[in-house]
Amino acid sequence: MKKLIGLAFLFVAVGIFMSTTLVPTFEGYKVGDTATDFNLENIDGKMVSLASTASDYAEKGTELKGYIVTFTCNTCPYAVMYEDRLQALHAEMAPKGWPVVAIQPNDVLKKPADNLPAMRQRAADKGFTFAYLLDSEQAVYPVYGATRTPHVFLLDKDLTVQYIGAIDDNPGDASAVSERYVANAIAALEKGGKADPNFTKAIGCSIKAK
């Protein structure tokens, strides 16, 4: 009996050690937090950051109001269902100063079809016009707190997080969408208000870590 109790205690201790020491957890951002910038490789081979995106807008004489930072990928069925809607969102919002900045966060060894050449091909096939960046070191998504693909973090021009969650309320059927969460959040911000809701549950595949 003492041996069994001892073994049980050992397993509990190991479990606690594993959960607290070996498996890192990241709380991520909440609405109202200030996000940090990043510098990641785009599908065109250039390095892209939020600061460089702002510079591009300044050079064109267009006001940048914020960023639709979206963690997505090639392989998740939910991300695939949202591809056309994400492109449409960028086409609608980028001229207004709210570009989509997409980031592929999956480990490409686990998901080879999410590697940079595959991202380039997917972007070409789908006609993406937004930045599609690779988080190759998986250093960005944990800081943001992204857990799914797709997962949106709407930032204003000062990098304040204004909305976190899903793009809309129907991942399976674009024609049945009744709440365009990101578009509605932007509309509220442009009127001087706040996103309502400012948080929804992201629906999608879990991000594949190394």
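Let me begin with Lys 30, which at 43% relative accessibility counts as partly exposed, and with its partner Glu 27, which is exposed, having a relative accessible area of 67%. These two residues form a salt bridge in which the closest N and O atoms are 2.1 Å apart. I should say at once that what we are looking at is a predicted model, and I would ask you to keep that in mind for every distance and every percentage that I quote.

As a general point, side chains of opposite charge can pair when their charged atoms come close. How many salt bridges does a search of the whole structure find? The search finds eight, and I will take you through two further examples, both of which begin in helix H3.

In one of these, the side chains of Glu 83 and Arg 122 meet, with 2.7 Å from N to O. Because Glu 83 lies in helix H3 and Arg 122 in helix H4, this pair ties together parts that are 39 residues apart in sequence. As for their surroundings, Glu 83 counts as buried at 5% relative accessibility, whereas Arg 122 is partly exposed, with a relative accessible area of 24%.

In the other, Arg 85 and Asp 168 bring their side chains together in a salt bridge of 3.0 Å, again given from N to O. This pair too links distant parts of the chain, since Arg 85 is in helix H3 while Asp 168 is in the loop between S8 and helix H6 (181-190), and the two are 83 residues apart. Are these two partners buried or exposed? Arg 85 is buried, with a relative accessible area of 14%, and Asp 168 is buried as well, with a value of 5%.

Let me stay with helix H3 for a moment, which covers residues 77-93 and also contains Met 81. Met 81 is partly exposed, at 34% relative accessible area, and together with Tyr 78 and Ile 203 it forms a nonpolar patch on the surface, the three residues having about 230 Å² of accessible area together.

Now I would like to turn to the sheet. There is an open sheet of seven strands with mixed pairing, and the order across it is S2-S1-S5-S4-S3-S7-S8. Its edge strands are S2 (47-48) and S8 (161-165), each of which pairs on one side only.

If we walk in from the S2 edge, S1 and S2 run antiparallel and are joined by two bridges, with Glu 41 standing opposite Met 47 in S2. Strand S1, residues 40-42, then pairs with S5 in the antiparallel sense, over two bridges, and here Asn 42 stands opposite Leu 133.

Strand S5 itself, residues 131-134, has Ala 131 and Leu 133 pointing one way and Tyr 132 and Leu 134 the other way, and all of them are buried. That fits the general pattern, because in a regular strand the side chains alternate between the two faces of the sheet.

With S4, residues 100-104, the pairing of S5 is parallel and is made over four bridges, with Ala 102 opposite Tyr 132. The chain goes from S4 through helix H4 (residues 116-126) to S5, and this β-α-β crossover is right-handed.

Following S5, in the loop between that strand and helix H5 (141-144), we find Gln 138. At 10% relative accessibility, Gln 138 counts as buried, and its side chain reaches the backbone nitrogen of Lys 210 at 2.9 Å.

Finally, let us consider strand S3, residues 66-71, where six of the six residues are buried. Gly 66, Ile 68 and Thr 70 point one way from this strand, while Tyr 67, Val 69 and Phe 71 point the other way. S3 runs antiparallel to strand S7 (residues 151-156), to which six bridges join it, and the bridge partner of Tyr 67 in S7 is Leu 155. With S4, on the other hand, S3 pairs in the parallel sense over four bridges, and there Phe 71 stands opposite Ile 103. The chain crosses from S3 through H3 to S4, in a β-α-β crossover that is right-handed, and this brings us back to the helix that holds Met 81.

How values were computed:
Residues numbered from 1 in each chain as written. Predicted model: local features only at pLDDT ≥ 70, side-chain atom pairs only at ≥ 80, totals over all residues. Heavy atoms only, no water. Patch = residues over 30% accessible without salt bridge, like charges linked within 9 Å, V, L, I, M, F, W, Y side chains within 5 Å. Areas by Shrake-Rupley, 256 points an atom, 1.4 Å probe, with all protein chains shown as cover. Salt bridge = Lys/Arg side-chain N within 4 Å of Asp/Glu carboxyl O. Buried < 20%, exposed > 50% of the residue type's maximum accessible area, 1.4 Å probe, protein only. Pairing = 2+ DSSP bridges. Right-handed = clockwise from strand over helix to strand, strands pointing away. Polar contact = N/O pair within 3.5 Å; in protein donor to acceptor, adjacent residues only side chain to side chain.
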